[in-house]
Amino acid sequence: MTSSHEPPQGDDVPHAREDQWSQPPPYPPPLPPQRQAASSQVLSIIGFVCAVVAVLFIPLLFGLAGIVLGIVGHSRGEPLGKWAAIAALVGMIIGIALGMLVWSMSP
């Protein structure tokens with residue numbers, strides 16, 4: 001008879017198998033990384049549109065919107081997101097400069 005402090009051995013353990021603990025439990029294989037389709041660059045495309053609109057209309061609003069959309073698109077894995085943010089920044093600067101030029105030339 002074994003004492004209460006010793007683990008059971010051999011025949012005292014019902015249905016114990018030797019290889020039960022030697023192999024890890026089967027897990028499903030890891031999933032491959034998901035790639036976005038080329039048409040899923042919606043945020044980047046809208047960011048480019050905001051960049052163009054920012055040159056002519058309300059540069060601060062559309063420029064900032066394009067920058068935010070480009071950054072969010074880039075963080076979601078869109079390859080054009082970074083370029084949309086840069087284009088929106090450039091469009092905003094050009095729009096502000098153009099607005100100041102037109103305003104200074106008005107009577």
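## A guided tour of the three-helix chain

Display the whole protein chain to begin: among its contacts with a separation of 6 or more, 62% join residues 24 or more positions apart, a contact being heavy atoms within 4.5 Å. The model is a predicted one, in which local features need pLDDT of at least 70 and side-chain atom pairs count only at pLDDT 80 or more, while totals for chains, interfaces and linings use all residues. Residues are numbered from 1 along each chain as its sequence is written, and side-chain values use heavy atoms, with hydrogens and water left out.

Colour the chain by secondary structure. Three helices and zero strands appear, in the order α-α-α along the sequence; helices (H or I, at least four residues) and strands (E, at least two) are DSSP runs, numbered from the N terminus. Switch on the surface next. The protein chain exposes about 8,900 Å², of which carbon and sulfur atoms supply 71%; these areas come from the Shrake-Rupley method with a 1.4 Å probe. Of the 107 residues, 20% are buried, where buried means under 20% relative accessible area, exposed over 50%, and partly exposed in between.

Now select α1 (42-56) and α2 (59-75). Two packed helices are described by the angle between their axes and the distance between the axes. Here the axes of α1 and α2 come within 8 Å and cross at roughly 160°; each axis is a line fitted to C-alpha atoms over the stretch in contact, and angles run from 0 to 180 degrees between N-to-C directions. The two helices α1 and α2 are therefore roughly antiparallel, the term for angles over 145 degrees. The crossing of α1 and α2 is left-handed, that is, the near helix is turned anticlockwise from the far one by less than a right angle.

Show side chains where these helices touch. From α1, Leu 43, Ile 46, Gly 47, Cys 50, Val 53 and Ala 54 meet residues of α2 including Pro 59, Phe 62, Leu 69 and Val 72. The residues of this contact divide into 10 nonpolar, four polar and no charged, with Gly counted as polar.

Move to the loop between α1 and α2 and select Ile 58. Phi of Ile 58 is near 40°, a positive value in a residue other than glycine. At 52% relative accessibility, Ile 58 counts as exposed.

Finish with Gln 41, in the segment before α1. Gln 41 is buried, with a relative accessible area of 12%. Leaving aside residues up to four places away in sequence, Gln 41 touches Glu 78, Pro 79 and Leu 80.

Conventions
Buried means under 20% relative accessible area, exposed over 50%, partly exposed in between (1.4 Å probe, protein chains only). Angles under 35 degrees count as roughly parallel, over 145 as roughly antiparallel, 65 to 115 as roughly perpendicular and the rest as oblique.
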